[in-house]
Amino acid sequence: MHISEGVLPGSLLVAGWALTIAGTYVGLKKLDNDRIPLAALLAATFFVASLIHVPAGPTSVHLVLNGLAGILLGWTVFPVLLVGLFLQAVLFQFGGLTVLGVNTFNMAFPALVAYYLCKGLLSSERKMALIVAGALSSFVAIMGSGLLVALELVFTGEAFRKTAELALLAHLPVAVVEAFVNAFILLFLKRAVPEILRRMR
């Protein structure tokens, strides 16, 4: 779901960096010292999960897990995903440095929306609420990111219209898979380290 260098106009690149810097600033202000290990763990998970590609027609897809990071971190998802995407750009040439701001916003903003939608569900004692939170966070974050990428590609002109449609449709199965992954991880956290979820209250 990375947009490559040279695709977007300068105005979108500047807007992406401005929004990402603002989100990262707020995220770092809200990051407590005792939440740093969780943020680091989710950054590493996001980085590793994106390296496992599964063929999907003419393209390939991979787990993103931005929804899980979003509902567990809130605004801190911005600096966490910025670090993960920076390492992917530098080490594997996924995306690029000039488009890093746009790519980070595309992943982090829908994840932040998922946080506000699911915050009440995570504070519930019912297992079904956690399952719904896992599924909802996956669809909001993945499909929201896909929609932002598609809109930005369409904004560049007709040349990328088909790519935009494919970018959105290819991530529908990813959202389904991550719904199960997120629900499983939330149920595990409730059983093993419930204090992580209690902080959402």
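Helices (H or I, at least four residues) and strands (E, at least two) are DSSP runs, numbered from the N terminus. The model is a predicted one, so to speak of local features takes pLDDT of at least 70, side-chain atom pairs count only at pLDDT 80 or more, and totals for chains, interfaces and linings use all residues. Residues are numbered from 1 along each chain as its sequence is written, and side-chain values use heavy atoms, with hydrogens and water left out.

Helix α1 spans residues 10–29 and holds T24. This threonine is buried at 10% relative accessibility, where buried means under 20% relative accessible area, exposed over 50% and partly exposed in between (1.4 Å probe, protein chains only). A polar atom of the T24 side chain sits 2.7 Å from the backbone oxygen of T20. That pair falls under polar contacts (N or O atoms within 3.5 Å; within protein, one must be able to donate a hydrogen and the other to accept it, and residues adjacent in sequence count only if both atoms are side-chain atoms). Setting aside residues up to four places away in sequence, T24 touches F78, P79 and L82, with contact taken as heavy atoms within 4.5 Å.

Now for the inside. A nonpolar core is a set of buried Ala, Val, Leu, Ile, Met, Phe, Trp, Tyr and Cys residues joined through side-chain atoms within 4.5 Å. The largest one has 40 residues, and L72 and L186 touch the most other members. Two or more residues each come from α2 (36–49), α3, α4, α5, α6 (127–156), α8 (172–192) and α9 (195–198), and α5 gives the largest share, ten residues. Beyond its neighbours within four places in sequence, L186 is in contact with L68, I71, L72, L122, L130, A133, G134 and L197. There is also a second, separate core of eleven residues, L13, A150, L153 and A164 among them.

Helix α3 is mostly covered, with eight of its eight residues buried. These run through N66, G67, L68, A69, G70, I71, L72 and L73, and their cover includes α2, α4, α5, α6, α8 and α9. Just ahead of this helix, L65 occupies the loop between β2 (59–62) and α3 (66–73). L65 has a positive phi near 65° despite not being glycine, and is buried at a relative accessible area of 8%. On the other side, α3 is followed by G74, where phi is also positive, near 65°.

Q93 is another non-glycine residue with a positive phi, near 60°. Q93 lies in the loop between α4 and α5 (100–122) and is exposed at 58% relative accessibility.

On the surface, L51, I52, V83, F86, L87, V90, L91, F92 and L97 make up a nonpolar patch with about 770 Å² of accessible area together. Patches take residues with over 30% relative accessible area and no salt bridge, joining like charges within 9 Å and nonpolar side chains (Val, Leu, Ile, Met, Phe, Trp, Tyr) within 5 Å; the areas come from the Shrake-Rupley method with a 1.4 Å probe, and for residues only the protein chains shown count as cover. One patch member, L91, belongs to helix α4 (residues 77–92).

The structure holds one salt bridge, meaning a side-chain nitrogen of Lys or Arg within 4 Å of a carboxyl oxygen of Asp or Glu. The partners are E125 and K190, with the closest N and O atoms 3.3 Å apart. E125 is in the loop between α5 and α6 and K190 in helix α8, so the pair ties together parts 65 residues apart in sequence. E125 is exposed, at 51% relative accessible area, while K190 is partly exposed at 24%.
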